[in-house]
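Subject: Two-chain model, handover and findings

Hello,

Here is the structure I said I would pass on. My notes on it follow below.

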Amino acid sequence: MIRVNGLTKDYGARRAIDGLTFEAEQGEIIGFLGPNGAGKTTTMRILTAYMPPTEGQAIVAGYDVVEESLEVRRRVGYLPETVPLYPDMTVFDYLKFMADLRHLPDAEDRVDEVVEMVGLEDRINSYIGSLSKGMRQRVGLAQALLHRPQVLILDEPTIGLDPVQVVEVRNLIREIGKERTVLLSTHILSEAQQLCDRVLIINKGKIVAEDTPANLQLRLSGGERVLIRVRGDAVEAAQILNKVKGAQAIQAFPDGRIEFSFPPGQDIRGEVARALVQHGYDLLEMRPLQMSLEEIFLELTRAEQSA
Amino acid sequence: MRNIWTIAKREYFHYFATPIAYVVAFLLLLVVGIIFVLNIQYYSQNAMFGGGAPSPNIVTGPFVFLLILSVPALTMRLISDENRMGTLELLLTAPVTDWELVIGKWLGAFLFLLTVLALTLIYPLLLNFLVEPGIDKMLALSAYLGVILVAAALLALGTGISALFSNPIAAFFVTLAVFVLLWWLIGAPANVLNSGGELFSYLDMSAHFYDSLNQGVIKLTDVVYYLSLTLLGLFIGATAIEVRRWQ
């Protein structure tokens, strides 16, 4: 559905994206993750045929974004970062206008359908200028869904929404992602974690990692990290852990928390528990610590900088 | 074609939702009306001295003059506003070509101006009752054709210039400057130069109207001149959008 090969874009002397290569299949939700200015929006603008790349090739829904840009645009739904709306039009008129530009035969019915999908039925005749930011975001999303696009490209789709709306929009994206290809960008890492089948981490125009959210965690944590909590002096308790074979990177905190790691395949949690109890400590809690995407992300971008 | 119409329709109705269009339409009709009344007074006072009868170009002449000032106000935001609001990204990622977009924008403004122009038809009709044996129909036709051609050219240039900017005010002043140049200044060297003056007088936008179309003379060169300017304006617009994509 999306095939990108060596995509590069220069703005004057500045290179915004540098040799991006990735693919996305039908029924896949791909997350584009990266700090502001990493090149997410630029990549999306190229994939939606808004601007041509300096080098490289992108095939979207079977068509080249430069050579067959109109074919691409017919098949792609796009929600840009700044939601493009006409404040002096009503929701209905705006969507009808876009439906007409896309030559939809059942324009008015389809407008009603997408309005219902994003839950704006009661504001359909309101002027867009009078809507809240979250509602505008949903009007933009409705616009992107109008023509049942094969590929949906969403730039920060949940930004500015309240928590309830965020959940609704995520469910909607998940639903759409079952049959179509969705590429979304976000800098909310938990969103990528929840929503995406695959995550591309992009920094300074380059892909620094590409994997499922779960695999990324596994790959980077380099073993399992465990948190335990004891009653009593954690610093003293940590001395006992030191003697347990395999325990590494032990950190003790004054509130009774201790963190440690063990190499993959050598589960020493049992030994640790026994050792602590034998020395008279009450073991209150023991659980695996997952490295969050936040940490993975910082890890990766830090590695990039030091390299 | 269908996209052009969709965009033109939106633009046309958009004018009726903006105060600037009403101001422009109101001023055009008011000033043209005042000049019309003054002319009628003047001619009726001089009729006994054999002053002749007024012709329909007492309407079209002032109308065209006012276009120089009002067209920049109508076209300034056509594309610059889409730039500013980010909606250009919406239109350029929809299956619409750059040309369709520019022509649609221009057509919307053109239809709006035609609507205002249609309202001025009341004056020649009135005049037809006032003078004996009625007005010169061919002159009226030619003069109105002239206004339509001038309007098409000015609106196209304004649309094209609007595509160069993200700020409507900037687009307004540049458009006005270009109109002043083409309407009043460019013909001036023709009076001073001994040779090569023909080029400047050919480029003079006002001469093609006042000296022929507004006098009831339809010449192919004048029609071609205005249509070429229209095309040039639309070309500037489409190119500006294309260039913006590459930046």
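Two residues are in contact if their C-beta atoms, placed from the backbone, lie within 7 Å. Please keep in mind that this is a predicted model. With that cut-off, take the contacts in chain B between residues at least 6 apart in sequence: 80% of them join residues at least 24 apart. For chain A, counted in the same way, the share is 66%.

Chain B overall

Chain B has 13 helices and zero strands, so its pattern along the sequence reads α-α-α-α-α-α-α-α-α-α-α-α-α. Its radius of gyration is 19 Å, and the globule rule gives 18 Å for 247 residues; the two are close, so chain B is as compact as a globular protein of that length. Along the principal axes, the C-alpha atoms of chain B fill a box of roughly 65 × 50 × 30 Å. Of the 247 residues, 44% count as buried.

Chain A overall

Chain A contains eleven helices and 14 strands. Its radius of gyration comes out at 24 Å, whereas the globule rule gives 19 Å for 307 residues; the value is well over the rule, so chain A is more spread out than a compact globule. The C-alpha trace of chain A spans about 75 × 45 × 30 Å along its principal axes. Buried residues make up 41% of the 307 in chain A.

Where the chains touch

How many residues does each chain bring to the contact? Chain A gives 20 residues and chain B gives 17. On the chain B side, helix H1 (2-15), helix H5 (87-92) and helix H13 (220-246) each supply at least two residues. By type, the side of chain B that touches chain A has eight nonpolar, five polar and four charged residues.

Helix packing

Two packed helices are described by the angle between their axes and the distance between the axes. I looked at one pair in each chain.

In chain B, H1(B) packs on helix H6 (residues 98-119) at an angle of about 40°, and the axes are 7 Å apart. Angles under 35 degrees would count as roughly parallel, and this angle makes H1(B) oblique to H6(B). The crossing of these helices is right-handed. From H1(B), the residues that meet H6(B) are B:Asn3, B:Ile4, B:Ile7, B:Ala8, B:Arg10, B:Glu11, B:Tyr12 and B:Tyr15. Their partners in H6(B) are B:Glu100, B:Leu101, B:Ile103, B:Gly104, B:Lys105, B:Leu107, B:Gly108, B:Ala109, B:Leu111 and B:Phe112. The residues of this contact divide into eleven nonpolar, three polar and four charged.

In chain A, helix H3 (residues 91-101) and helix H4 (residues 107-117) pack at an angle of about 125°, with 9 Å between their axes. H3(A) and H4(A) are therefore also described as oblique to each other. H3(A) passes H4(A) in a right-handed crossing. H3(A) makes the contact through A:Val91, A:Phe92, A:Leu95, A:Lys96, A:Ala99 and A:Asp100. H4(A) does so through A:Ala107, A:Glu108, A:Arg110, A:Val111, A:Val114 and A:Val115. This contact of H3(A) with H4(A) involves eight nonpolar, no polar and four charged residues.

Single residues

Which phi does A:Ala49 have, given that it is not a glycine? The phi of A:Ala49 is positive, at about 65°. A:Ala49 sits in the loop between helix H1 (40-47) and strand E4 (55-60) of chain A. There are 26 other C-beta atoms within 10 Å, so A:Ala49 is buried.

A:Arg148 is not a glycine either, and has a positive phi of about 45°. A:Arg148 belongs to the loop between helix H5 (133-145) and strand E7 (151-155) of chain A. With 15 other C-beta atoms within 10 Å, A:Arg148 is partly exposed.

In chain B, B:Ala177 is part of helix H9 (residues 168-185). B:Ala177 has 13 other C-beta atoms within 10 Å and is therefore partly exposed. B:Ala177 and B:Met205 are 28 residues apart along the chain, and their C-alpha atoms are separated by 14 Å.

Regards

Terms used: Residues numbered from 1 in each chain as written. Chains lettered and ligands numbered in written order. Predicted model: local features only at pLDDT ≥ 70, side-chain atom pairs only at ≥ 80, totals over all residues. Axes fitted to C-alpha atoms, helices over the stretch in contact; angles between N-to-C directions. Helix = DSSP H or I, 4+ residues; strand = E, 2+ residues; numbered from the N terminus. Parallel < 35°, antiparallel > 145°, perpendicular 65-115°, else oblique. Left-handed = near helix turned anticlockwise from the far one by under 90°. Nonpolar A, V, L, I, M, F, W, Y, C, P; charged D, E, K, R; others polar. Buried ≥ 20, exposed ≤ 12 C-beta atoms within 10 Å, placed from the backbone. Rg over C-alpha atoms; globule rule 2.2 N^0.38 Å.
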